[in-house]
Amino acid sequence: MPGLLKGVSIRGLEVFEALAQTRSVGEAAQRLGMSAPAVSQQLKNLSTAVGMPLVDPSRRPMTLTPAGHQFLQHVETALGALRDGQRDLTLLDLSDVSVLRLGVIEDFENEVTPTLTTRLAETMQNCKFRLQTGASHTLISHLDRSELDMVISAEGPTAPSSARLHPLLEDPYILAVPKGIDVSAGLTALTGLPLIRRDQDQIMGQQVEAALHRSGLAFPNRIEMDSNQSISALVALGHGWTVTTPLSLLRAGRFLQGIDAHPLPLPPMSRRISLIAGGDWTDDIPGQIAQIARDLIQTHFTAPGLQLMPWLKGQYRSLESV
């Protein structure tokens, strides 16, 4: 159809995506390095080009219209393809690297890891490449013993000596209960259901247990698992509740529709996902790999998570290297 894209600009699409994620003109402007009036004008131009309103300005925080929700899916796909193309043109050069041993947590096995390794493989000409997936505590122990060069994992209580950290994601702890359970009275409302614990060897399991202990809470240790999917299945089927994170919850797949997520009624706490590089690596290559991972996490986890749980805005967020 002639003229279908007339008035639609890449900047306008970026503004709309930022507004959908932040629900605030001011925050979208700050993220994009623009003025608030410029953001509003871009949104107005885009709505005019599309032919219908994309946001409801009378709602606070700003809310997408039904047309806006539908259009957002196409915007994210289009911008994702453009960003992929830009990354392909500026792909890091690993042609001089002879060996790269990378560990990635299981959380990213389906969405992030395949694309990340494909992009690495495209530039590795004479490199012996090894990929290992697993739990964070296992990967960090391999890094500490110099059996891996870098890992993408949750940070432990201490980082391996001489390691350099490249932060990727702040992943706050949340409460996950069977759909329809009333938690207005806090955790005491769940006394009729067992707490499904994470394996205490896992960093998540240790952090959750420490937080419950600090709050003076004790629950019978009836069920303890190291499988995220099994935990999600039990919660969805009404057999218990758990403390999890948005990243882990989004991996629940078909069980997600049977789970309600709520703020955790404890002092705020989170786990931090980072790329941790051994001391023999300069910041250049790990930093570039971290940026690829950060972009993939934003697309597959951060943005969808905030759409599902908008109350996590400001807590569940991508992190830049320091």
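This is a short tour of a predicted model, from the whole chain down to one helix.

**Whole chain.** Start with the full chain in cartoon view, where 10 helices and 13 strands can be picked out. The radius of gyration is 21 Å, close to the 20 Å that the globule rule gives for 322 residues, so the chain is as compact as a globular protein of that length. Turn the view to the principal axes: the C-alpha atoms fill a box of roughly 60 × 60 × 30 Å.

**Contacts and burial.** Next, display contacts between residues at least 6 apart in sequence; of these, 75% join residues at least 24 apart. Colour by relative accessible area, and 48% of the 322 residues come up as buried.

**Surface and charge.** Switch to the surface. About 15800 Å² is exposed, with carbon and sulfur atoms supplying 52% of it. Then select the charged side chains: 27 are positive and 32 are negative. The centres of these two sets lie 7 Å apart.

**Helix 2.** Now select residues 25-32, which form helix 2, and show side chains. Which residues of helix 2 are buried? They are Ala-28, Ala-29 and Leu-32. Look down the axis of helix 2: its buried residues fall within an arc of 100°, so they line one face of the helix. An α-helix has 3.6 residues a turn, so residues three or four places apart point the same way.

**What covers helix 2.** Finally, add residues 10-22 and 36-50 to the selection. These are helix 1 and helix 3, both among the elements that cover the buried residues of helix 2.

Methods. Residues are numbered from 1 along each chain as its sequence is written. This is a predicted model: local features need pLDDT of at least 70, side-chain atom pairs count only at pLDDT 80 or more; totals for chains, interfaces and linings use all residues. Side-chain values use heavy atoms; hydrogens and water are left out. Helices (H or I, at least four residues) and strands (E, at least two) are DSSP runs, numbered from the N terminus. The radius of gyration is taken over C-alpha atoms; the globule rule is 2.2 Å times the number of residues to the power 0.38. Buried means under 20% relative accessible area, exposed over 50%, partly exposed in between (1.4 Å probe, protein chains only). Contact means heavy atoms within 4.5 Å. Accessible areas come from the Shrake-Rupley method with a 1.4 Å probe; for residues, only the protein chains shown count as cover. Lys and Arg count as positive and Asp and Glu as negative; His and the chain ends are not counted. The place of a charge is taken as NZ of Lys, CZ of Arg, CG of Asp or CD of Glu. The arc is that of the directions from the helix axis to the C-beta atoms.
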